[in-house]
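Let's take a friendly walk through this structure, looking at how its side chains meet. Please have the sequence and the 3D view at hand.

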Amino acid sequence: MDTGVLLARSLTVGTKVATIFQRHAEAAQDQLSERLGRALHRQVNEPPGLPAVHLDPQLWYRYTVDAAQRSILFWETLWKRGNNFIDRASEGFRPVLHFDYETVLDGRQFDRPVNYALLKITPPANVHVDPQRRPYLIIDPRAGHGPGIGGFKDDSQVGVALRAGHPVYFVIFFRDPEPGQTLFDVCDAEQTFVKKVRSLHPDSPKPALIGNCQGGWAAMMLAASDPEDTGPIVINGAPMSYWSGAWSEGKGDNPMRYAAGMLGGTWTASLAADLGNGKFDGAHLVQNFENLNPANSWWDKYYALFDRADTEPPRYLDFERWWGAYYLMNREEIEWITRNLFVGNKLWSGEVKSASGSDFDLRKIRSPIILFASMGDNITPPQQAFNWVLDTYRSTEDIKSRGQVIVGLKHETIGHLGIFVSGKVATKEHTQIVSVLKSIEQLPPGLYGMSISEHRAPTGDVEYQVEFEERRLEDIAAKLNRFQRVDEKPFETVAVLSSFNQRAYEIFAQPLVQSMSNELQAQLLMTFHPLRMQNWSISRLNPWMSWIGPAAEAVRADRRALEDNHPARHQERLAAECVSASLDYYRAMRDAVTEAAFYTFYASPFWNHLGEKDSSPAAATEVGLDPRERPQVKQALAAIAEGGYVEALGRVAVLLTARDDPLPLSRLELRKELADAYSEYLPPLPMHRWRSIRGEQEIIAKFEPEQALQTLPALLEPEGRAKLLSLLDKLAADPRVLGADPTARQLEMLGRVRAVLAAEQPARRVPAASPASRRAAASPQSNA
């Protein structure tokens, strides 16, 4: 490339980076000014007697006594945290599940042992579970912490599923991995868990998989490798497209995706595992999470404990039981994750191979998928949760022709952990997801947005209404990625540079590091990791803290709490808010500098050629292609006169469907009820095959509606035509079918369909099977 062109492009990139950085800096300054302004406004307008507070010694004396007592209670809580850490570490960190459970399968006893186990949750005494309802299998994230966050309290994923009457199973893992354990072994073990759950509930629908964060992509890999045994899949805050984010939109809220580039790739994970004598310490991952929000990690959570020292300790200690437990991985596991997912971003592309050499092709998944993400999540932004759909399926018609149902649910504000642990989210979103999973398989194939609205019932209780609105993949691509994902191009360079650095480390440094590593050194490094040290250093192991227990008891015996609205308490909170706002400002500027440095280096045209590929994720979607030229459309239209009774039934269902109207959950549940009521007219097909056929007929009806109607008789023998007419007569007489207020288009179409089917038809040539039928015949049978 000409040097002048390179310089011009470099200048363009530099200008873009500078503009985005300035936008971040201005936003950070505005946020700091706003927070400080609000805090000062509250200080001036809310406390009574503010001018006199500086002159009244009695008021300050009372505040000093209260603050000293709260300090002792604060340090006692940290002391208890350390003692809990020591006790839990000595027993291997049991799951933090709120519910009782029994072990069904222990992966440590498998032929290829893994540190995973399958638990069956025991319902509380006042909860009845129907063993014939769809069982739930919840997979928690193995990302440094231990298992149990999905059942951390009563209002949790486990709790809402139990209260809905479903059997619940939980996949846990132990602190120490088994020798030689790999991610493929874990996937095989989870397949065994699913088969076991199916065998325990042979008369139930296929089990629903609930995957949280890292457990989300684990659930997707499981479903792709064993599509016949898995039911609907819910992935909550799961990073599936690791390169995605919102840099080009000037938000800069996704700093974690730059970490690999700033550290030079995956070699640092290998180094950490080698220093750990072949085991990677999950405390490093937790440290990364803490660094994301220094205001909370260094100040907010501790000030909240100090501010509410009389009431906050139980909640704080309960959460720390999970947050302060650090688990390990084998070197092979963390290297596979970093190379194939964090840096390689290969999960959606089909480049990830199983132990047998077969692809983890996400298009093999046949069950409906619900994606739950939040705009307030700076660990897994919505682009990372949703963009894999754009990369995996080339168009809306591709989704429909494959019979797939994908539902997106977006929260506006909740953070990453709140998706799993928030009681409000469990009560609203997760409860409604449980309701949806009862009948989600009745949704026609396609991409949907799920919305939850709330209103007050006459009794005063809050009620929720769920609706589904069909979306087009091309529109979602334009909305989520307004700049065609050009900001992902530098990550290709990161992947190439990472491979180079990884290989260099393996050749020049790894032999030396491994020769010097031993178990004693690994244990010392883990023990003195800052996150562990902050626990055991303030505990009964520290003799200098032995006074804190008796002192706290003395404080509780003579507690002199200051009223919450005392002017001195207001001033204290003002100071605390200033510290918190300053740390947030530091974080925003740090992230902005990191982002600018990343793009200055990796977006440079001097480096871009390293990551050049024949295609990029953004090019995978056929956005600019004439819809009629898409292969799925051409294939469906070529088979417009091919098929049989099933294809005719699917086409009639499409022709009579109300268009562009949101579909309420009650209507979806009605479809299931009608399917049971008219089962003699419906062929005994698995739901996925029916959705594939219906999706193909929907493409036909959309692009050639008149021809779709006129060729309908060609699909039917006289017996089939009579059967379909009989079904239409019964449905027309059933007020539930077209709704209380059918549209004029629906009534007109019903009359036209009946007329074309009732007309005399010439002798019918036996047509070939439709593409969807051919695909169905080529795949093994399965029960829905």
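A good place to begin is the salt bridge in which the side chains of Glu290 and Lys301 meet, at 3.5 Å from N to O; a salt bridge here is a side-chain nitrogen of Lys or Arg within 4 Å of a carboxyl oxygen of Asp or Glu. Glu290 belongs to helix H8 (residues 283-292) and Lys301 to helix H9 (residues 294-307), 11 residues apart; helices (H or I, at least four residues) and strands (E, at least two) are DSSP runs, numbered from the N terminus. Glu290 counts as buried because its relative accessibility is 7%, and Lys301 is buried too, at 14%. Buried means under 20% relative accessible area, exposed over 50%, and partly exposed in between (1.4 Å probe, protein chains only).

Before going on, note that this is a predicted model, in which local features need pLDDT of at least 70 and side-chain atom pairs count only at pLDDT 80 or more, while totals for chains, interfaces and linings use all residues. Residues are numbered from 1 along each chain as its sequence is written, and side-chain values use heavy atoms, leaving out hydrogens and water.

How many salt bridges does a search of the whole structure find? The search gives 58. In one of them, Arg559 pairs with Asp66, with the closest N and O atoms 3.1 Å apart. This pair links distant parts of the chain, 493 residues apart: Arg559 is in the loop between helix H20 (548-557) and helix H21 (567-602), and Asp66 is in helix H2 (residues 57-90). Is each partner buried or partly exposed? Arg559 is partly exposed, at 21% relative accessibility, whereas Asp66 is buried, at 0%. Both belong to a network of salt bridges whose members include Arg70, Asp307 and Glu572.

Arg70 also leads us to the rings. Its charged end sits over the ring of Phe306, 4.4 Å from the centre; for this, NZ of Lys or CZ of Arg must be within 6 Å of the ring centre and within 35 degrees of the ring normal.

Rings also meet each other, with 29 aromatic pairs counted. Rings of Phe, Tyr and Trp (its six-membered ring) pair if their centres lie within 6.5 Å; planes under 30 degrees apart count as stacked, over 60 as edge-to-face and the rest as tilted. Phe110 and Phe193 form a tilted pair, 6.0 Å centre to centre with 55° between the planes.
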